[in-house]
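Subject: Structure handover, pocket notes

Hi,

Here's the structure I promised to pass on. Have a look at it first, and then read my notes underneath.

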Amino acid sequence: MKHGEQTQEVMNINLNNGTSMPAVGIGTFLMQPDEAEAAVRTALQSGYRLVDTANAYLNEKAVGRAIRTSGRDRGDIFLSTKLWPSVYGAADKAIDETLERLGTDYIDLLFLHQPVGDYMGAYQAMERAVKAGKVRSLGLSNFPVEKIDEILAQAAVPPAVLQAEAHPYYPEQDLKRHMAKYDAVLMAWYPLGHGDARLVQEPVFTELAAKYGKSNAQIILRWHVQSGHIVIPGSKNPDHIRANRDIFDFRLTRSDMARIARLAEQGRPYYVPSAATLEGYLRFSPDFAAQK
């Protein structure tokens with residue numbers, strides 16, 4: 001895994017294809033279109049450069065509007081989105097439709113969202129999109145190691161980013177060690193533990209927040225970036241959006257990091273999909289055309 005470099009106040013993470021992306025961005029999971037549009041516009045006007053959405057969030061059109069009206073050049077923004085399993089069988093068309101909804105001619109990072117359905121065929125379509133200049137980097141979201149390896153065995157363009165649940169209770173060390181073999185990086189969802197007050201209020205974070213003059217959430221997000229993670233905390237609150245990015249003016253010590261590492265003994269993810277859940281994802285077909 002390559003290390004990020006600090007540029008002004010934004011840490012960038014170098015990817016295995018020679019590009020780089022910001023370590024902190026705005027996530028739009030569970031946001032209605034108007035909420036996503038407002039949150040993304042606030043984030044971009046507050047200095048964010050990474051925006052994450054997905055087909056299944058049904059807010060891609062709103063995200064695209066926020067980008068176009070933010071006052072920021074498209075080239076300064078790193079945009080990631082995800083293909084939903086119900087479109088894997090017609091992924092070439094789905095990529096074009098995703099671009100149309102976003103109102104852009106390229107996607108910086110395109111993921112497969114879930115490890116079900118014709119994910120091999122969809123990954124090959126994403127590789128074709130890279131060759132056509134429609135997509136710049138590829139990723140896998142929620143994929144277990146064995147399916148990552150299955151794709152890697154045939155991939156001409158290896159994934160640059162793996163998106164997975166990761167937080168101090170569940171830092172995904174085994175996955176990160178596996179990813180290091182092909183120099184991919186981790187993008188963490190649920191970076192603050194899905195709003196779990198028990199995690200955010202752990203005494204170690206309260207103590208470090210007092211030490212550095214930060215909030216508990218800022219300490220956790222700083223732990224992520226020092227661990228080499230990309231984080232995409234979602235918020236509709238403008239103050240929280242700005243605070244989530246304000247983590248580049250201090251650095252946790254080795255001792256601080258070691259104390260936080262002990263929380264991994266919890267070994268506790270919040271999301272454990274069953275086979276039935278995954279099959280349900282394949283059968284669920286969002287009404288993409290209906291989004292505002």
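What follows is a quick run through the two pockets I looked at.

One thing up front: this is a predicted model, and every number below is computed from it.

Let's start with the largest pocket. Its volume comes out at about 1100 Å³. The lining takes in 37 residues, and if you want to centre your view, F29, L30, Y190, H194 and G234 are the ones closest to the middle. On the secondary-structure side, two helices each put at least two residues into this lining: α9, spanning 216-226, and α10, spanning 238-245. Of the elements, α10 gives the most, with three residues. As for chemistry, the lining splits into 19 nonpolar residues, 15 polar ones and three charged ones.

Now the second largest pocket, which has a volume of about 560 Å³. Here 28 residues form the lining, and the closest to the centre are N142, F143, P144, Y170 and E172. Two or more lining residues come from each of α5 (145-154), β9 (161-165) and α6 (173-179). Which element gives the most to this lining? That would be the strand β9, with four residues. By residue class, this lining has 19 nonpolar, five polar and four charged members.

So if you set up boxes for the two sites, the central residues to pick up are F29, L30, Y190, H194 and G234 for the largest pocket, and N142, F143, P144, Y170 and E172 for the second largest.

Cheers

How values were computed
Residues numbered from 1 in each chain as written. Predicted model: local features only at pLDDT ≥ 70, side-chain atom pairs only at ≥ 80, totals over all residues. Heavy atoms only, no water. 1 Å grid on protein atoms, 1.4 Å probe; cavity = no way out; pocket = protein on both sides within 12 Å on 5 of 7 lines; lining within 4 Å. Points joined across faces, edges and corners; volume = space filled by probe spheres on them. Nonpolar A, V, L, I, M, F, W, Y, C, P; charged D, E, K, R; others polar.
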